[in-house]
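Open your viewer and get ready to select a few pieces in turn. We will begin with a helix and then move on to a sheet.

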Amino acid sequence: LHHFPVEPTPDTLSFYVVYMCANIKPRSVASYLTGICNKLEPYFPGVSANRKSILVARSLSGCMKRYGTPIQRKLPLARQHILSTINDLPPNASHDSLLFAAMLTTGFMALLRLGEMSLPDNVAIRDLRKCSRRSTVTWFDDGYGFDLPYHKADRFFEGNKIRIIRRGDFNPAPVFRRYIVSRDKISRLNPFLWVTAKNEIPTRTWFMKRLRRLEPDEQFAGQSMRAGGATAMAEDGCAP
């Protein structure tokens, strides 16, 4: 159509960058370009070198400056959000209330993503292998722990051992223990750790509906637990 050569030269890659950046975010274009070069490598061995050429690099840099937009991050949850959730639990709290409080506390203290404790709303991309199991829960004198099978940053599927301990005056273990007692009464035969009153693994929507009751501001979301926990650790003087 444009009479460009079939081989991906620095010129054609640069044209691609400029054209795409005018339509989508430049950060996405950089990822697309890397994927394209990976697919073309067997047919055009020099494509990676052309991708790293000064022309392509400067084209992408210029488009980032011209079309770039600030990264939108959700606000971090504060300790007060966690404490108010725990303190508002009545002695006869419902199972789902205990589940939400335990998930919120655990995500905040262990810097977990919401996706590491719940299922996606899209059934097609759900993977039960990522769900933690009740049998991996371990109790310590100063807290509790469980196994995280694997997550999106775990390239070798090794999993992680999560351990949540008391930090200062804040002890997360009691609310988790209350949840476990309730969970074992309702779902003794269910192998997974996080289970709703309907004997189902909570979904993202399930969690977000309850988070909105706690904090209606849409600037708070699932990643706010991880961000808030990291902020609290920095305030406590923890090393990076």
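Select residues 224-235, helix α9. (Helices are DSSP runs of H or I with at least four residues, strands are runs of E with at least two, and both are numbered from the N terminus.) At 1.5 Å a residue, multiplied by one less than the number of residues, the 12 residues of α9 should span 16 Å, and the end C-alpha atoms are indeed 16 Å apart, so the two agree. This is a predicted model, where local features need pLDDT of at least 70, side-chain atom pairs count only at pLDDT 80 or more, and totals for chains, interfaces and linings use all residues. Residues are numbered from 1 along each chain as its sequence is written, and side-chain values use heavy atoms, leaving out hydrogens and water.

Now colour Ser224, Met225, Gly228, Gly229 and Ala232, the buried residues of α9 (buried means under 20% relative accessible area, with a 1.4 Å probe and protein chains only). Look down the axis of α9: these residues fall within an arc of 130°, so they line one face of the helix. (The arc is taken from the directions from the helix axis to the C-beta atoms.) Show α5 (79-87), α6 (95-110) and α8 (204-214) too, which are among what covers them. Following α9 comes Gly237, with a positive phi near 85°.

Next, find the open sheet of 3 strands, ordered β1-β2-β3 with antiparallel pairing (strands pair if DSSP finds at least two bridges between them). β1 (138-140) and β3 (160-165) are at the edges with a single partner strand each, so one side of each has no neighbour in the sheet.

Finally, pick Trp139: which residue is its bridge partner in β2? The partner is Tyr144.

Conventions:
Buried < 20%, exposed > 50% of the residue type's maximum accessible area, 1.4 Å probe, protein only. Contact = heavy atoms within 4.5 Å.
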